[in-house]
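Got a few minutes to look at how two protein chains sit together? Take a look at the sequence and the structure, then read on.

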Amino acid sequence: MDQANIYWLASYPKSGNTWTRAFIANLREDSDCPVPLNEIKTGAIASSKAWIERGLGFDVSELTIEELESLRPAAYLQLANKMTRINFHKTHDAYSFVSNGVPLFPTDVTRGALYIVRNPLDVAVSFSHHMGTSVDKAIRVMEDPEAGLAKGVKSYHEQARMRLMTWSGHVDSWLSAISIKRHISRYEDMRSNPLVAFTKIANFLELPSTEEKIARAIAHCDLRTLQAMERKGLFYEKPFKAERFFRKGQVGDWQTALSTKQVDRIIGKHGQMMEVLGYLNKAGSPDVLPLPQSPLWQAGESL
Amino acid sequence: MYSYTAFGLVFHSELELPSLPSGGDAAADVTITLGEINKQGLDELPVVKPFYHVGDDILWLHIPEVAKFLVEGGRAITVQPEPQAELSTVRLFLLGSALGALLHQRNNLVLHSNAVCVEGGCILVMGASGQGKSTLAAALHLAGHQVLTDDISVVTPDLLVQPGYPQIKLWEDSADRLKINTAQLSLVREPLKKYIYPLNADQFCNQPQPVKAMYILHTSPEGKFDVELLRGMNKLNPLRFNTYRSNYLEGLGLQAKQLSLLAKLAGNTPIKRLYRPEAGFEIERLVQLIKDDVATLGA
């Protein structure tokens with residue numbers, strides 16, 4: 001029985017995951033009107049306790065973080081078994097292994113993973129707005145190997161704890177997940193060359209990929225369209241502390257928002273990965289638009 | 001053997017269950033025994049999943065590293081703890097998923113809901129985990145209402161809600177908001193900061209009650225307080241959605257019976273969606289909203 005029914009849509013927070021899901025929703029809907037924000041439904045987020053609980057068949061609300069994590073692979077196996085078509089599920093989890101060495105995302109259920117990556121200089125700015133904290137705090141979170149979301153024990157979380165690792169660790173974990181088929185897409189390429197970037201995404205995800213359909217889907221999830229929809233009505237994915245979800249979406253926003261010290265700190269910690277991804281030029285300085293000659297993409301598109 | 005009572009039943013149990021009131025000398029409706037479960041035939045049941053197997057009148061449940069449970073005919077639970085498992089954890093799942101299955105087998109409605117006394121009966125407040133049901137139950141308790149049950153509401157075929165057992169489980173954040181001191185309270189389970197808040201005899205209602213109204217608690221991202229009456233067919237789905245461990249029903253062959261009982265309950269009772277703001281707790285306002293709505297119900 002073929003269980004490989006899930007495409008994981010993976011990213012570090014604030015790297016373009018929602019925008020990508022808006023594109024997928026619009027491509028599938030294929031209509032004259034943009035899909036309303038709160039109807040952008042691909043699948044449940046991988047860390048959704050309600051979804052995991054459906055897979056397991058018993059109460060998970062009083063399991064510890066570690067117990068729940070070690071049960072997630074079994075839950076996904078069960079859920080994938082019941083799927084009758086390809087499913088897309090978002091995740092912010094790093095690609096990791098649970099207590100007994102089994103991958104969190106079982107190979108058997110994984111049709112592939114789309115990994116969306118964004119310049120950490122811009123991620124830091126966006127993350128700070130999203131969390132309602134200082135940029136320095138965001139930078140520290142991105143450096144923390146134990147960073148995670150939904151990990152407190154004083155109240156109920158609707159999601160299981162998501163391991164973020166450091167920003168570099170997160171990217172590295174997915175780049176190293178060689179047992180599953182992956183496509184890496186850079187936010188900056190999706191902005192500068194959407195037709196090319198989104199066509200590659202559509203092809204990878206086995207979605208309709210005529211130029212006409214893709215162009216229309218891209219137009220429906222244009223940032224200005226998303227921002228206009230958000231102005232008209234609340235977007236449920238916006239956290240309480242953030243002013244808006246679709247804030248600027250600007251490539252290179254970091255140039256005005258970060259101090260030299262902050263830029264140096266981020267490059268100091270994440271420079272190696274930035275180089276791999278094409279976010280540092282040969283002189284080791286950040287580039288506003290990543291060079292297309294990144295070594296990663298010379299190795300081939302689908303990994 | 002220890003004797004207990006909960007949900008209108010008398011349990012004779014080999015496992016101590018300190019949360020439950022004593023069942024006195026009454027004959028047992030349900031026996032709970034510790035022992036090795038005979039797995040013969042369990043793999044051939046109609047519904048076989050990694051962690052539970054279900055057939056007509058029988059359910060086998062495996063909570064990894066905690067225990068296996070065999071729930072039979074609404075009358076017996078066999079508990080086989082895993083080596084190294086803490087008894088407090090075994091109890092948690094015994095009184096949760098295993099007991100839920102047993103109560104289903106006895107043809108009751110089992111809902112993800114608390115039940116709190118009001119004039120002439122009780123109200124049920126149901127909702128998904130984390131929506132604030134227990135916090136609300138505690139707030140209504142502090143406002144002087146007796147509590148029938150916190151986590152699970154059992155409605156017998158005569159449409160009465162049965163008393164559970166006298167405690168409310170509260171997360172630390174909720175306890176803080178309600179200004180409840182947790183220093184003397186036991187933890188449900190280390191390391192989770194969730195506490196057992198015991199209710200004394202005056203605070204706990206130990207008599208079955210008719211249902212005056214049912215509420216489904218929702219968070220409103222828009223930050224609204226609202227009450228929305230459901231009508232007709234729209235009344236049924238929220239009840240089905242909030243049925244506890246509904247995944248067991250298909251294997252137990254109980255879906256049709258459940259639906260018929262749900263319809264009976266829904267037909268007689270006002271069911272309303274209750275919206276509260278997602279952030280900025282305002283529990284007093286929520287309590288007032290409910291009190292005001294209950295006052296409109298009439299005798």
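Below is a short tour of the interface, one loop residue and one strand.

## Where the chains meet

Keep in mind that this is a predicted model. So how many residues of chain B are in contact with chain A? There are 32 of them, and on the other side 22 residues of chain A take part.

People like to put a number on this sort of thing: the size of an interface is often given as the accessible area lost when the parts come together. Here, about 2400 Å² is buried between chain B and chain A, and carbon and sulfur atoms account for 58% of that. Which three residues do the most on the chain B side? They are Phe51(B), Trp171(B) and Leu192(B), which supply 21% of the area that chain B buries against chain A, more than any other three residues.

## Charges and polar pairs

Now for the charged and polar side of things. Chain B and chain A share 6 salt bridges. In one salt bridge, the side chain of Glu62(A) meets that of Lys194(B), at 2.7 Å from N to O. Polar contacts turn up too, with 16 residue pairs across the interface, both partners at pLDDT 80 or more.

Which parts of chain B each bring at least two residues to the side that touches chain A? Look for strand 6 (58-63), helix 1 (87-105), strand 14 (167-171) and helix 3 (172-177) of chain B. Sorted by class, that side of chain B has 16 nonpolar, 10 charged and 6 polar residues.

## A loop residue in chain B

Next, find Leu254(B), in the loop between helix 5 (249-252) and helix 6 (255-268) of chain B. Is Leu254(B) buried or exposed? Its relative accessible area is 8%, and since the cut-off for buried is under 20%, Leu254(B) counts as buried.

Leaving out residues up to four places away in sequence, Leu254(B) touches His104(B), Gln105(B), Asn107(B) and Leu249(B). Asp56(B) is 198 residues from Leu254(B) in sequence, yet their C-alpha atoms are 8.7 Å apart in space.

## A covered strand in chain A

Finally, go to strand 6 of chain A, residues 182-186, where 5 of the 5 residues are buried. In a regular strand the side chains alternate between the two faces of the sheet. In strand 6 of chain A, Arg182(A), Ile184(A) and Arg186(A) point one way, while His183(A) and Ser185(A) point the other way.

What about its partner strand? Strand 3 (residues 110-117) of chain A runs parallel to strand 6 of chain A, and 5 bridges join the two. Opposite Arg182(A) you'll find Ala113(A).

Definitions and conventions. Residues are numbered from 1 along each chain as its sequence is written. Chains are lettered from A and ligands numbered from 1 in the order in which they are written. This is a predicted model: local features need pLDDT of at least 70, side-chain atom pairs count only at pLDDT 80 or more; totals for chains, interfaces and linings use all residues. Side-chain values use heavy atoms; hydrogens and water are left out. Contact means heavy atoms within 4.5 Å. Buried area is the accessible area (1.4 Å probe) that two parts lose on being put together, summed over both. A salt bridge is a side-chain nitrogen of Lys or Arg within 4 Å of a carboxyl oxygen of Asp or Glu. A polar contact is a pair of N or O atoms within 3.5 Å; within protein, one must be able to donate a hydrogen and the other to accept it, and residues adjacent in sequence count only if both atoms are side-chain atoms. Helices (H or I, at least four residues) and strands (E, at least two) are DSSP runs, numbered from the N terminus. Ala, Val, Leu, Ile, Met, Phe, Trp, Tyr, Cys and Pro count as nonpolar, Asp, Glu, Lys and Arg as charged, and the others, Gly among them, as polar. Buried means under 20% relative accessible area, exposed over 50%, partly exposed in between (1.4 Å probe, protein chains only). Two strands pair if DSSP finds at least two bridges between them.
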